[in-house]
Amino acid sequence: MGNPLLIFATALALAAGVTPLFRRVAARTGMVDRPEPRKLHLTPMPLLGGVALYLAFIVALLLFGGRRYVSELIGILVGATLVSFLGIWDDRWGIRPLLKLGGQSLAATLLFLSGVQVAFLHNPTLNFGITLLWVVGITNALNLLDNMDGLSGGVGAVAAAFFLLLAALNGQYLVGSLAAALLGACLGFLYYNLNPATIFMGDAGSLFLGFVLAAVGIKLRFPGHPDKITWMIPVIVLGIPIFDTTLVVISRLRRGLNPITNPGKDHLSHRLVKMGLSQREAVMACYLFCGALGIIATFIMQARLVEAYTLGGGVALAGLFGLVRLEQVELDEPWR
């Protein structure tokens, strides 16, 4: 693959340059997110930031990504394009949850068929099932996490930065190029999306971001390190969106609400605000949590079996404690 630094710089410049253009297009075409009781913004916000993310990522890879791993790269780009299209459709006209889930499953299947797949279970059926669960789960986790200015894009950037580091340490050229392009695109977009945001990424961006991070996590390999350890690494790097989704699903089910059709201010970020942080502080806290998890994942890569599972178990226990503690935070209503 190409030079990750050049790919990163290209994606950064493109995202920073075209995001204002899509902000104007969104305002003129009515592609805006209107205020609702469950949302934090008070004025209509342009929604096409995700298209800027997508274009910056794709163009940087096509220009400087090289010609190796063509079939796998095509599978990732086609799948990312499909989920982005679904996101645009949902942002503009709305889409039924089952149809959106079906499209995401198709994108994950295309990814599997292109060779980007979980392989450590050594059983094709089980590998396909875990690949599908991982890709669809992470895709939607980043979509759910996109509930506060700069949150999903920033967490995605931190995760991409650690995937880039891990790829560099293990000579993973395709992963390095993908992570570099995603990191640059996220940072270029974040300039306009940090609080107070002037544009949102919308479902087109959050679904795209989640899909690519899921694909990168699958594709990352660790030569010389056993699968019984390294399977934990992408899970821990993406621990914040996984934790947020788990918290929301458990909380809504406990209160007799449908986790899909009853959105509200019950996410990790909202609960941190209720505990006394400002919106900016809550987002920065999530960045720090994500960075800490990335450091732990990097240590696990070099750890022995007992050390790795001790660290992994510690992360799981901390997550369980966080779920219990945050579930005690009083929530805002009404629900939609």
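1. Let's start with histidine 122, which sits in the loop between helix 4 and helix 5 (124-145). Keep in mind as you look that this is a predicted model. Is histidine 122 buried or exposed? Its relative accessibility is 67%, so histidine 122 counts as exposed, the cut-off for that word being over 50%. Now check its backbone: phi of histidine 122 is near 60 degrees, a positive value in a residue that isn't glycine. Most residues other than glycine have a negative phi, so this loop residue is worth a look.

2. There's another backbone feature to find, at proline 196. Look in the loop between helix 7 and helix 8, where proline 196 is located. The peptide bond leading from asparagine 195 into proline 196 is cis, and its omega is near -5 degrees. For background, most peptide bonds are trans.

3. Next, salt bridges. How many does a search of the whole structure find? The count is seven. One of them pairs aspartate 90 with lysine 100, with 2.6 Å between the closest N and O atoms. Aspartate 90 belongs to helix 3 (residues 70-92) and lysine 100 to helix 4 (residues 97-113), so this salt bridge ties together parts that are 10 residues apart in sequence. Both aspartate 90 and lysine 100 are buried.

4. Stay with lysine 100, because its side chain also meets that of aspartate 203 in a salt bridge, at 3.3 Å from N to O. Here the linked parts of the chain are distant: aspartate 203 is in helix 8 (residues 202-219), lysine 100 is in helix 4, and 103 residues separate them. Aspartate 203 is buried, as is lysine 100. Put the pieces together and you get a network of salt bridges linking Asp90, Lys100 and Asp203.

5. Try one more pair: arginine 252 and aspartate 266 form a salt bridge, with the closest N and O atoms 2.7 Å apart. Arginine 252 is in helix 11 (residues 239-254), while aspartate 266 is in the loop between helix 11 and helix 12 (268-274), so the pair ties together parts 14 residues apart in sequence. Why do we call these two buried? Arginine 252 has a relative accessible area of 1% and aspartate 266 has 0%, while buried means under 20%.

6. Asparagine 170 is a good one to click on. You'll find asparagine 170 in the loop between helix 6 (151-169) and helix 7 (173-193). Its relative accessibility is 13%, so asparagine 170 counts as buried even though it is in a loop. A polar atom of its side chain lies 2.8 Å from the backbone oxygen of leucine 166. Which residues does asparagine 170 touch, leaving aside those up to four places away in sequence? They are Arg221, Phe222, Pro223, His225 and Met301.

7. Last, have a look at the second largest pocket, which holds about 720 Å³ of space. It is lined by 25 residues, and those closest to its centre are Gly239, Phe243, Val315, Ala318 and Gly319. Which helix gives the largest share of that lining? Helix 14 does, with 11 residues. At least two lining residues come from each of helix 10 (232-237), helix 11, helix 12, helix 13 (279-302) and helix 14 (305-326). Sorted by class, the lining of the second largest pocket has 19 nonpolar, five polar and one charged residues.

Technical notes:
Residues are numbered from 1 along each chain as its sequence is written. This is a predicted model: local features need pLDDT of at least 70, side-chain atom pairs count only at pLDDT 80 or more; totals for chains, interfaces and linings use all residues. Side-chain values use heavy atoms; hydrogens and water are left out. Helices (H or I, at least four residues) and strands (E, at least two) are DSSP runs, numbered from the N terminus. Buried means under 20% relative accessible area, exposed over 50%, partly exposed in between (1.4 Å probe, protein chains only). A polar contact is a pair of N or O atoms within 3.5 Å; within protein, one must be able to donate a hydrogen and the other to accept it, and residues adjacent in sequence count only if both atoms are side-chain atoms. Contact means heavy atoms within 4.5 Å. A salt bridge is a side-chain nitrogen of Lys or Arg within 4 Å of a carboxyl oxygen of Asp or Glu. On a 1 Å grid over the protein atoms alone, a cavity is a set of points where a 1.4 Å probe fits but cannot get out, and a pocket is an open set with protein on both sides within 12 Å along at least five of seven lines; lining residues have an atom within 4 Å of a point. Grid points are joined across faces, edges and corners, and a volume is the space filled by probe spheres set on the points. Ala, Val, Leu, Ile, Met, Phe, Trp, Tyr, Cys and Pro count as nonpolar, Asp, Glu, Lys and Arg as charged, and the others, Gly among them, as polar.
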